[in-house]
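Student: Could we go through the strand pairing and the pocket lining of this protein one step at a time? I would like each answer to end on the name or value I ask for.

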Amino acid sequence: MSSATLKTGHIGLSVTDLDRSLPFYARVFGFETLAEGKEDSRRWAFLGRGEEIVVTLWQQSEDGFATRTAGLHHLSFQVDTLEEIAATEAVLRELNTDFVYDGVTAHAEGATSGGIFFRDPDGIRLELYVPTGAEGAPAPAGQEPTCGFF
């Protein structure tokens with residue numbers, strides 16, 4: 001398939017508790033619930049901004065995220081400024097979120113890109129980054145990509 005318009009449509013995530021995950025994604029990323037399935041055995045939510053679906057949550061997991069199982073490695077979102085990252089980091093700290101690294105971390109030693117790396121309520125690894133502006137931020141893995149092996 002070769003299409004000049006190919007882009008990611010949305011990301012679907014399996015969660016253990018929609019009532020816990022839905023407010024997390026809404027507060028951290030500013031997503032609105034665009035549609036929701038409320039049947040006890042088939043709970044789901046389409047999250048996005050405006051009319052564009054960005055993430056779908058499916059309540060169908062019994063256990064949290066496992067790095068030892070093939071599948072999603074991490075989900076990354078790009079923003080324009082370090083100020084946006086700082087504001088989101090403050091919200092995450094209020095929510096007692098589990099961080100992979102403390103504060104803004106460069107993608108690799110000497111990289112201009114970087115961000116914050118954290119986990120959602122099910123342990124799904126998330127990243128919020130800027131493509132430039134993270135010069136001088138620490139890179140705990142040296143030349144290995146920060147968003148690589150957790």
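Student: Which strand is joined to β1 by five bridges?

Tutor: In this predicted model, the strand in question covers residues 52-59 and runs parallel to β1. One position along the pair can be named, since glycine 12 stands opposite threonine 56 there. The strand joined to β1 by five bridges is β4.

Student: What is the order of the strands in the open sheet of four strands that contains β1?

Tutor: The pairing in this sheet is mixed, and its edge strands, which each pair on one side only, are β1 (11-15) and β2 (32-39). Neighbouring strands are turned by 15° against each other on average, with direction ignored. The order is β1-β4-β3-β2.

Student: Helix α1 packs on that sheet, so with which strand does its direction make an angle of about 0°?

Tutor: Helix α1, residues 18-29, touches β1, β2, β3 and β4 as it packs on the sheet. The angle of about 0° is given for the strand at residues 42-49, which is β3.

Student: In the other open sheet, with the order β5-β8-β7-β6, which are the edge strands?

Tutor: The pairing of these four strands is mixed as well, and an edge strand here pairs on one side only. At one end of the order, two bridges join β6 to β7 (residues 114-119) in an antiparallel run, with threonine 105 opposite glycine 115. The edge strands are β5 (75-78) and β6 (105-106).

Student: How many of the six residues of β7 are buried?

Tutor: Strand β7 also has six bridges to β8 (residues 125-130), running antiparallel, and one bridge pairs phenylalanine 118 with leucine 126. In the hairpin of β7 and β8, with five residues between the strands, glycine 123 takes a positive phi near 90°. Taking buried as under 20% relative accessible area, β7 is mostly covered, and the number of its residues that are buried is five.

Student: Which elements each supply at least two residues of the lining of the largest pocket?

Tutor: The lining includes Val28, Phe29, Phe77, Gln78, Glu84 and Thr88. Val28 and Phe29 fall within α1 (18-29), while Phe77 and Gln78 fall within β5 (75-78). Glu84 and Thr88 lie in the helix at 82-94, and the elements are therefore α1, β5 and α2.

Student: What is the volume of the largest pocket?

Tutor: By class, its lining has seven nonpolar, two polar and three charged residues, with Arg49, Asp80 and Glu84 among the lining residues. The volume of this pocket is about 210 Å³.

Terms used:
Residues are numbered from 1 along each chain as its sequence is written. This is a predicted model: local features need pLDDT of at least 70, side-chain atom pairs count only at pLDDT 80 or more; totals for chains, interfaces and linings use all residues. Side-chain values use heavy atoms; hydrogens and water are left out. Two strands pair if DSSP finds at least two bridges between them. Axes are lines fitted to C-alpha atoms, for helices over the stretch in contact, and angles run from 0 to 180 degrees between N-to-C directions. Contact means heavy atoms within 4.5 Å. On a 1 Å grid over the protein atoms alone, a cavity is a set of points where a 1.4 Å probe fits but cannot get out, and a pocket is an open set with protein on both sides within 12 Å along at least five of seven lines; lining residues have an atom within 4 Å of a point. Grid points are joined across faces, edges and corners, and a volume is the space filled by probe spheres set on the points. Ala, Val, Leu, Ile, Met, Phe, Trp, Tyr, Cys and Pro count as nonpolar, Asp, Glu, Lys and Arg as charged, and the others, Gly among them, as polar. Buried means under 20% relative accessible area, exposed over 50%, partly exposed in between (1.4 Å probe, protein chains only).
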